[in-house]
Amino acid sequence: MTDPTGLVRGIEIQAAGCTALGSPFSGVLLTAMAGDVTARGPSSRLFEPWLGASTRAVLEAAAPLRLLGALHDLVLSGAAPALAATYPRSGAPGDADAAWPQVLAAMDTERPRLEAFMTHEPQTNEVGRAGVLLAGFLTLAQETGLPLRCFELGASAGLNQQWDHFRYELAGAGAWGDPAAPVVIDVDWRGAAPPVGAKVSVLSRAACDRKPVDLTVAAARRRLRAYVWADQPDRLARLDGAIDAALAAGTKVEAEDAVAWTRRRPAPAVGAATVLYHSVVWQYMPADSQAALTEAIDAHGAAARPSAPFAWLRMEPDQTNLAAMELRLTLWPGGDERRLAFVHPHGAWVEWL
Ligand SMILES: C[S@@+](CC[C@H](N)C(=O)[O-])C[C@H]1O[C@@H](n2cnc3c(N)ncnc32)[C@H](O)[C@@H]1O
């Protein structure tokens, strides 16, 4: 019989991660799933592709988040009212203990639908990360005094391309953006304030993803919403606002691999600061793509001039502090590289350095 130890451990680690990141509802459901896999209950049938996998493989495939997302998608679809009644909704916190028997029932009656959802790798677009990237854009605008040409890699649905149309409330460090903006991002700011007074104008914006999310398709919008943990209504509301803003703006994401696109698209241009940026993309690229991308970025950096600067701004995991991510900026000419901040993976807090 296949040994599910790696799978069970992977689900437990994901449960702890969700709880630590402010989703106790997900933590309880995942913990119950881990026990159910051990007991060879219905969860083990849905996790069949990962039954004998290592913990690492389970987490790399985000298998626990696939099932969590599949269940939330079912709830959001309206097709499972008994399950939905136990989930968090319009101000009610939800009851994970009451949800679990309904989850078990749905795993039985809705199995083909859940399995089909789980065949996709999870794809999110976290609008809260704009609150982190903002500080990098402000720094760049202040230091160059130039308008920005923005190029985003791994943009998913492209929601963060509209970053300059959001409102940011940086608790303890001021605010930035139109107070009437439909998307408000709250950040628990730690340390000195970023240059919120910098004059910012965005001259152009473009983005790529190897598999862009098409926001004009209702099922794709619901899939994006399903990956937001059910007990995080603020994140969901922010996502909805950003989806509306992206649809209204006609946001485009070009379907292309990051390396080819970077070679082709963001060459520096006179009279603007060209910035290539990304958040939580690097880890999904194989080592040879990371090397090729770094080479393409260095080539643009080498072509930069004081009148045509080039910047690489990225929010990615910090190898020295696994509980946090970091924001880094490299600016050419010169290629000066700085760690600007340690940050929460969804942008809930920023520790400005
Ligand atoms: C975790 S999501 C992050 C999306 C978005 N940057 C955000 O922070 O919300 C990672 C994204 O990177 C994209 N991606 C991964 N490897 C890629 C590559 N080689 N080229 C382009 N996009 C890639 C995926 O399709 C996915 O949309």
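## Strands β1, β5 and β6

In β5, E152 finds its bridge partner in A207. That pairing belongs to a parallel match between strand β1 (residues 148-152) and strand β5 (residues 202-209), which are joined over five bridges. Bear in mind as you look around that this is a predicted model.

Strand β5 also pairs with strand β6 (residues 254-255), again in the parallel sense, with two bridges between them. Here D209 is matched with A255 in β6.

## Around the ligand

D209 turns up again at the ligand: 18 residues surround the ligand, and the closest are Q123, E126, R129, D209 and S279. Sorted by class, this shell holds seven charged, six polar and five nonpolar residues.

What about specific atoms? R129 puts a polar side-chain atom 2.7 Å from an oxygen atom of the ligand. On the backbone side, a polar atom of R210 sits 3.1 Å from a ligand nitrogen, and a polar backbone atom of A258 is 2.9 Å from a nitrogen atom of the ligand. On its own the ligand would expose 600 Å², and the protein buries 96% of that.

## Salt bridges across the chain

Searching the whole structure turns up 23 salt bridges. One of them joins E121 and K211, with the closest N and O atoms 3.7 Å apart. These two come from distant parts of the chain, 90 residues apart: E121 is in the loop between α8 (111-118) and α9 (130-144), while K211 is in the loop between β5 and α10 (218-226). E121 is partly exposed, at 38% relative accessible area.

Strand β6 has a salt bridge too, this time between the side chains of E254 and R264 at 3.4 Å, N to O. E254 is in β6 and R264 is in helix α12 (residues 258-264), ten residues apart. Both ends are partly exposed: E254 has a relative accessible area of 26%, and R264 comes in at 49%.

## A salt-bridge network

Further along, the side chains of R339 and D318 meet in a salt bridge at 3.5 Å, N to O. R339 lies in strand β10 (residues 336-343), and D318 is in the loop between β8 (310-317) and β9 (325-332), 21 residues apart. Buried or partly exposed: which is D318? At 2% relative accessibility, D318 counts as buried because the cut-off is under 20%. R339, at 29%, counts as partly exposed.

This pair doesn't stand alone, either: salt bridges with shared partners tie R314, D318, E326, R328, E337 and R339 into one network.

Notes:
Residues numbered from 1 in each chain as written. Predicted model: local features only at pLDDT ≥ 70, side-chain atom pairs only at ≥ 80, totals over all residues. Heavy atoms only, no water. Near = heavy atom within 4 Å. Polar contact = N/O pair within 3.5 Å; in protein donor to acceptor, adjacent residues only side chain to side chain. Areas by Shrake-Rupley, 256 points an atom, 1.4 Å probe, with all protein chains shown as cover. Nonpolar A, V, L, I, M, F, W, Y, C, P; charged D, E, K, R; others polar. Pairing = 2+ DSSP bridges. Helix = DSSP H or I, 4+ residues; strand = E, 2+ residues; numbered from the N terminus. Salt bridge = Lys/Arg side-chain N within 4 Å of Asp/Glu carboxyl O. Buried < 20%, exposed > 50% of the residue type's maximum accessible area, 1.4 Å probe, protein only.
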